[in-house]
2 protein chains.
Amino acid sequence: MGKLLIVGTMAFDAIETPFGKTGRILGGAGTYIGLAASQFKIDSAIVSVVGDDFPQSYMDILNNKNIDLTGVEVVKGGKTFFWEGKYHNDLNSRDTLATELNTLADFSPVVSNDYTDADIVMLGNLHPTIQLSVINQMEKRPKLIVLDTMNFWMDNAWDELITVISKIDVITINDEEARQLTSEYSLVKAAAKIQEMGPKYVVIKKGEHGALLFHKDNIFFAPALPLEEVFDPTGAGDTFAGGFAGYLTEARNISFESMKNAIIHGSNLASFCVEKFGTERMVNLKKSEIDTRLTQFKKLTQFNIELT
Amino acid sequence: MGKLLIVGTMAFDAIETPFGKTGRILGGAGTYIGLAASQFKIDSAIVSVVGDDFPQSYMDILNNKNIDLTGVEVVKGGKTFFWEGKYHNDLNSRDTLATELNTLADFSPVVSNDYTDADIVMLGNLHPTIQLSVINQMEKRPKLIVLDTMNFWMDNAWDELITVISKIDVITINDEEARQLTSEYSLVKAAAKIQEMGPKYVVIKKGEHGALLFHKDNIFFAPALPLEEVFDPTGAGDTFAGGFAGYLTEARNISFESMKNAIIHGSNLASFCVEKFGTERMVNLKKSEIDTRLTQFKKLTQFNIELT
């Protein structure tokens with residue numbers, strides 16, 4: 001089986017949406033990526049850090065999905081990364097109410113020996129220096145390195161971000177961030193500029209408006225599945241990335257065609273993530289539900305026009 | 001050949017975008033709808049009104065596309081409807097600088113005898129009373145009545161709008177207007193409510209984010225083609241509607257499957273409209289360009305996932 005190495009936060013989240021409010025629940029980019037990727041027939045491991053306040057029951061949720069957690073450092077006496085946010089009524093924007101880095105502040109990732117030969121590395125949103133450290137620990141160049149990042153690092157660690165972007169194959173980024181990174185308003189032009197910076201493939205996430213994949217002159221688009229109600233968008237982007245990387249790890253085929261399928265699988269899984277608070281929907285998701293919704297994705301987008 | 005009756009404004013537009021500024025140029029919903037629909041093998045006619053300041057050269061542009069203009073009233077001594085607008089830098093929003101109704105203020109549409117048996121009627125954005133008057137002049141119920149409208153009529157002619165909506169088959173409307181019409185934020189819920197108001201098919205236009213088609217439990221989505229540069233969005237929605245109605249008139253087949261193709265053709269034509277100021281791109285558009293871009297639409301959206 002293909003091996004996927006995931007680097008990303010494991011965290012406590014406290015979330016408020018127009019539909020309700022949670023206490024501290026399981027969150028973090030690494031968690032969402034891992035849960036999504038676990039839907040594929042792959043070996044996967046997470047590299048992360050938590051405090052000893054992180055409950056065993058949360059570890060078990062990931063262990064039960066056959067995710068290797070030997071690379072998760074538990075800091076004695078340390079506290080786990082905490083994020084608190086409140087979504088606006090349209091769910092498209094949110095205010096961050098609290099960010100406590102805690103053990104994440106001094107995180108120095110260590111890739112376990114079993115995963116230094118991973119086929120694919122999925123670098124979740126973290127300081128680019130941490131992302132780079134993981135790349136440097138790989139004993140051979142992975143077949144594919146996928147990187148997720150955000151505007152915060154453009155504002156605060158530009159040089160390090162540019163360095164790590166030069167060493168990866170796929171970047172996933174949202175539309176506003178793609179514009180900030182390139183000073184181009186047109187996403188077509190922005191994606192072309194980003195490809196000159198290193199990544200051969202550029203994935204631009206547009207939230208409820210879908211996702212675009214760019215590679216040379218090729219463009220592919222996947223919509224978000226129109227839902228009756230979006231309940232909590234937290235983790236949707238990471239779930240998308242996890243589905244994307246998980247599919248490619250199982251497929252063992254890196255091409256524009258397989259990336260198209262990876263985009264669809266990522267979009268499909270993200271459509272479940274937003275239906276309940278936090279990770280709840282992803283933890284209990286069944287294969288049959290995934291297949292049913294893939295069929296909906298086909299019906300949503302496939303047409304048959306004969307050119308005359 | 002199928003017969004399409006188009007009702008909509010013929011106008012002077014003055015447009016400013018970040019890329020430049022026009023004087024008074026040819027515009028109007030009826031004009032854009034007609035130009036788009038003329039790409040199909042159909043008979044078409046426009047019902048509209050202009051003043052005698054409307055140049056013969058503009059009439060000739062439409063005549064040369066084989067559009068019947070006997071239903072265009074020319075008011076002696078009257079002035080043609082004029083709209084002036086300025087787009088913001090992102091081209092997604094605009095300020096209206098001037099709206100002079102002129103001859104449109106007293107417009108009483110008259111459908112010529114040749115078109116009272118049209119197969120499809122496309123009611124462009126106008127006062128709902130004018131739209132209703134056209135429906136009432138049809139000697140037999142058309143196979144399909146398509147209506148475009150906007151928030152202005154929700155604010156200023158609610159009852160008349162609800163009446164005309166109850167008598168049509170397809171409504172095309174943008175996302176914010178669908179929300180205003182139904183008080184539902186979710187477009188899935190909004191589309192369901194609109195279907196209860198009359199139309200069996202609901203098309204929700206999301207501008208650069210594509211268009212959705214709803215019919216019972218079926219949903220179809222077409223993206224806007226990602227372009228290097230959008231030059232002038234004026235008329236894109238009307239061009240979409242014209243392509244939609246024109247395709248269905250040629251196809252002579254009203255079904256969800258044929259509507260999917262109609263949505264793709266409409267999106268395809270709209271992608272040309274925005275490439276130049278006003279109607280310039282549509283007037284000179286070649287069949288071979290349309291076919292090439294339809295191929296791009298296929299590549300953009302079609303994938304092949306086998307369910308296991």
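I started with strand 1 (residues 3-7) of chain B, which pairs with strand 5 of chain B in the parallel sense over five bridges. For my own notes: two strands pair if DSSP finds at least two bridges between them. Helices (H or I, at least four residues) and strands (E, at least two) are DSSP runs, numbered from the N terminus.

Before going on, I noted that this is a predicted model, where local features need pLDDT of at least 70 and side-chain atom pairs count only at pLDDT 80 or more, while totals for chains, interfaces and linings use all residues. Residues are numbered from 1 along each chain as its sequence is written, and chains are lettered from A and ligands numbered from 1 in the order in which they are written.

**Confidence**

I looked up the scores next. Chain A averages a pLDDT of 96, and 99% of its residues score at least 70; pLDDT is the predictor's confidence in each residue, from 0 to 100. The model scores ipTM 0.92 and pTM 0.94.

**Strand 5 of chain B**

Back to strand 5. B:Leu5 stands opposite B:Ala45 in this strand. B:Ala45 also has a bridge partner in strand 6 of chain B, namely B:Asp68. Strands 5 and 6 of chain B pair in the parallel sense over two bridges. Put helix 2 of chain B with those two strands and I get a right-handed β-α-β unit. Right-handed here says that, with the strands pointing away from the viewer, the path from the first strand over the helix to the second runs clockwise.

Strand 7 (residues 72-75) of chain B also runs parallel to strand 5 of chain B, with four bridges joining them. There I found B:Val75 as the bridge partner of B:Gly51.

Is strand 5 of chain B largely enclosed or open? Seven of the nine residues of this strand (residues 43-51) are buried, so the rest of the structure largely encloses it. I count a residue as buried if 20 or more other C-beta atoms lie within 10 Å of its own, exposed if 12 or fewer, and partly exposed in between, with C-beta atoms placed from the backbone.

**Strand 11 of chain B**

I did the same for strand 11 (residues 144-148) of chain B, where five of the five residues are buried, so this strand too is largely enclosed by the rest of the structure. B:Leu144, B:Val146 and B:Asp148 point one way, B:Ile145 and B:Leu147 the other way, and all are buried. In a regular strand the side chains alternate between the two faces of the sheet.

Which strands pair with strand 11 of chain B? Strand 10 (residues 120-123) of chain B does, in the parallel sense over four bridges, with B:Val121 opposite B:Ile145. Strand 12 (residues 170-174) of chain B does as well, parallel over three bridges, and there B:Asp148 stands opposite B:Thr172. Strand 10, helix 3 (residues 128-137) and strand 11 of chain B make a right-handed β-α-β unit.

**Two loop residues and a helix residue**

Most residues other than glycine have a negative phi, and most peptide bonds are trans. I therefore jotted down B:Asn66, whose phi is near 65°, a positive value. B:Asn66 sits in the loop between helix 2 (56-63) and strand 6 (67-68) of chain B, and counts as exposed with 11 C-beta neighbours inside 10 Å. B:Ser183 has a positive phi of about 55° and lies in the loop between helix 6 (175-182) and helix 7 (187-196) of chain B. With 9 C-beta neighbours inside 10 Å, B:Ser183 is exposed.

I also checked B:Asp175, in helix 6 of chain B. Leaving out residues up to four places away in sequence, B:Asp175 touches B:Leu187, B:Ile204 and B:Lys206. Two residues are in contact if their C-beta atoms, placed from the backbone, lie within 7 Å.

**How the chains meet**

How many residues of chain A are in contact with chain B? I found 28, meeting 28 residues of chain B. Helix 11 of chain A gives the most to this side, with five residues. The residues on this side of chain A divide into 16 nonpolar, six polar and six charged. Ala, Val, Leu, Ile, Met, Phe, Trp, Tyr, Cys and Pro count as nonpolar, Asp, Glu, Lys and Arg as charged, and the others, Gly among them, as polar.Last, I looked at symmetry. A rotation of 180° with 0.0 Å of shift along its axis superposes chain A on chain B (RMSD 0.0 Å), which is the relation of a two-fold axis. Copies are superposed by least squares on the C-alpha atoms of residues with pLDDT of at least 70 in both.
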